[in-house]
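Work through the exercises below with the model open. Each task is followed by a stepwise solution.

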Amino acid sequence: MSNVNHEQLPKATWREWIGLGALTLAVFMLATDMTVLFLAMPSIAADLAPSATQMLWIIHIGEMLAVGFVLTMGRLGDKVGRKRLLIIGASIYGCASLFAAFATEAWMLIATRALIGITAATVMPSTMSLLRSMFTDSKQFSVAIAINLSAFSAGMALGPPIGGLLLDTFWWGAVFLINVPIVIALLLTSPLLPEYRNKTSNRIDFVSVLLSLLTLATLIFGLQEMANHGFHFVYGGSILVGIVTGMLFIRRQKKMEDPLLDLRMFHISSFSFSLIAVMAVLLVTTGADMLFAQHLQAIIGLTPTQAGLLLIIPAFLSMVGTLVSPALTKWLRPAYVMAIGLLTATAGALIIMITVHDGGALILIIGASLAGFGIGPTMTIASEQIVSSVPQERAGSASAMSDVSSGLGSVLSIAFIGSIGMIVYRATLMDSIPSGVPQEIVAFSSENVGSAIVASEGYPDFLLAIQSSFSFALQTVYGIVAVGLFTLMLIILWKFRHVRQDDSTNEEEQAL
């Protein structure tokens with residue numbers, strides 16, 4: 001950050017705070033979109049009758065293209081204007097959502113989902129980098145980042161209940177149609193947002209755009225499908241293509257005078273380490289959260305609605321942890337706030353690990369709530385450091401890298417942590433099958449715990465074995481979560497201990 005005394009920087013006015021409200025609407029919209037589509041898929045399948053391949057594309061193409069285009073959009077926002085890109089992207093996002101709501105063929109829905117994914121890539125980089133322009137005071141910037149991230153947590157938590165209510169009352173298109181009024185509200189308040197663009201930026205290199213898209217899209221696709229369906233040469237080949245194109249992308253960026261991704265940003269320790277912290281948190285938690293939600297339904301016996309409502313509690317506590325971090329950093333260094341949060345999250349993971357066999361839903365939700373509350377400060381402070389540690393003209397690219405880090409962390413977690421849980425479940429189940437259970441039922445039960453519960457009807461001892469096996473798998477996974485979060489806490493105390501919230505170092509100038 002610059003060497004200007006932070007006390008001399010202008011404070012944000014009511015215009016900036018109302019503008020922040022508009023930006024949180026966009027973030028909330030993205031988060032709910034991520035969660036409601038899965039709820040709508042049965043209705044979509046009944047109405048549009050897509051093939052199995054089309055079903056996969058409907059689900060995955062939006063996320064794949066969003067991650068694939070995010071680097072390009074982050075750089076494009078720095079070049080053409082962050083506000084302009086946000087307005088264009090949000091407008092197309094709203095129109096694509098409108099068309100998706102009234103799609104009459106599967107290919108139409110796939111096409112609109114693709115457009116939604118591409119335009120979604122404009123929202124987060126533009127939003128985070130605009131906050132850098134709007135809130136020049138470091139303390140106000142911390143609060144703005146926390147509010148922005150809490151809107152994402154709120155969207156993730158409220159998405160399933162909102163989606164369920166819409167699907168119970170209207171047709172499946174309503175889950176897309178709800179985006180339209182949010183986009184209209186964003187456009188109406190957009191005059192309050194400032195504009196920023198890097199006037200010295202050169203033309204964006206098309207080859208770099210293509211290489212970044214291929215790298216991220218093929219990596220996400222390969223890892224995601226391998227996590228869902230196991231190893232296949234197509235998925236392995238997709239990952240290999242991603243690695244090769246990624247290496248070519250890096251080589252090209254090193255040679256360019258004005259690259260799509262300025263690799264010198266990674267010489268800034270607070271930037272690169274914060275990216276690693278974001279990825280690490282999601283790497284150890286996303287897959288575990290997925291298995292935890294399955295445990296509430298398949299093992300505890302909650303309905304999807306009951307589980308969804310209960311999961312609002314840890315999501316709300318995550319929002320609280322996000323919002324209190326700016327207040328805590330007034331008194332403590334960021335590393336200590338993050339460490340306290342991660343220690344709290346570790347305690348939450350240990351509660352789940354210890355009580356998963358005998359504890360009911362309440363004690364498990366308490367553990368999940370502690371974990372969510374504790375992770376909030378780390379995600380907030382790391383996200384703030386990612387955007388604020390680089391020069392203003394690179395804030396869009398920095399924010400895009402935050403999205404890439406988050407996306408890869410989540411996908412890797414589902415691929416590896418989720419897979420470890422299922423491996424432990426299958427191995428434990430195979431060692432505890434009661435006599436008299438038909439082999440075909442055993443094979444069917446090894447696919448997933450939901451199918452196993454259905455297949456075990458009429459075999460009470462087999463049902464107990466399934467419940468015990470999945471509980472042991474969840475116990476193993478949360479043991480890994482506890483170790484991972486505690487290790488990250490120690491690393492943060494070691495590598496991040498000298499960083500202050502209002503540091504005015506010249507690290508960025510030395511690096512760039």
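**Exercise 1.** State which residues line the largest cavity, and sort them by class.

Solution. The lining consists of Arg 75, Arg 203, Ile 204, Asp 205, Met 256, Asp 258, Pro 259 and Leu 260. A cavity is a set of points on a 1 Å grid over the protein atoms alone where a 1.4 Å probe fits but cannot get out; lining residues have an atom within 4 Å of a point. Next, sort: four are nonpolar, none polar and four charged. Finally, the volume is about 30 Å³. The model is predicted: local features need pLDDT of at least 70, side-chain atom pairs pLDDT 80 or more, while totals for chains, interfaces and linings use all residues. Numbering runs from 1 along each chain, and side-chain values use heavy atoms, without hydrogens and water.

**Exercise 2.** Find the partner of Asp 205 in a salt bridge, and place both residues.

Solution. The partner is Arg 252, at 2.6 Å, N to O. The cut-off is a side-chain nitrogen of Lys or Arg within 4 Å of a carboxyl oxygen of Asp or Glu. Asp 205 sits in the loop between α7 (179-189) and α8 (206-229), and Arg 252 in helix α9 (residues 233-255). The two are 47 residues apart, so the pair links distant parts of the chain. The structure holds three salt bridges.

**Exercise 3.** Describe the overall build of the protein.

Solution. Count elements: 18 helices, zero strands. These are DSSP runs (helices H or I, at least four residues; strands E, at least two). Then take the extents: the C-alpha trace spans about 75 × 50 × 45 Å along its principal axes.

Notes: On a 1 Å grid over the protein atoms alone, a cavity is a set of points where a 1.4 Å probe fits but cannot get out, and a pocket is an open set with protein on both sides within 12 Å along at least five of seven lines; lining residues have an atom within 4 Å of a point. Grid points are joined across faces, edges and corners, and a volume is the space filled by probe spheres set on the points. Ala, Val, Leu, Ile, Met, Phe, Trp, Tyr, Cys and Pro count as nonpolar, Asp, Glu, Lys and Arg as charged, and the others, Gly among them, as polar.
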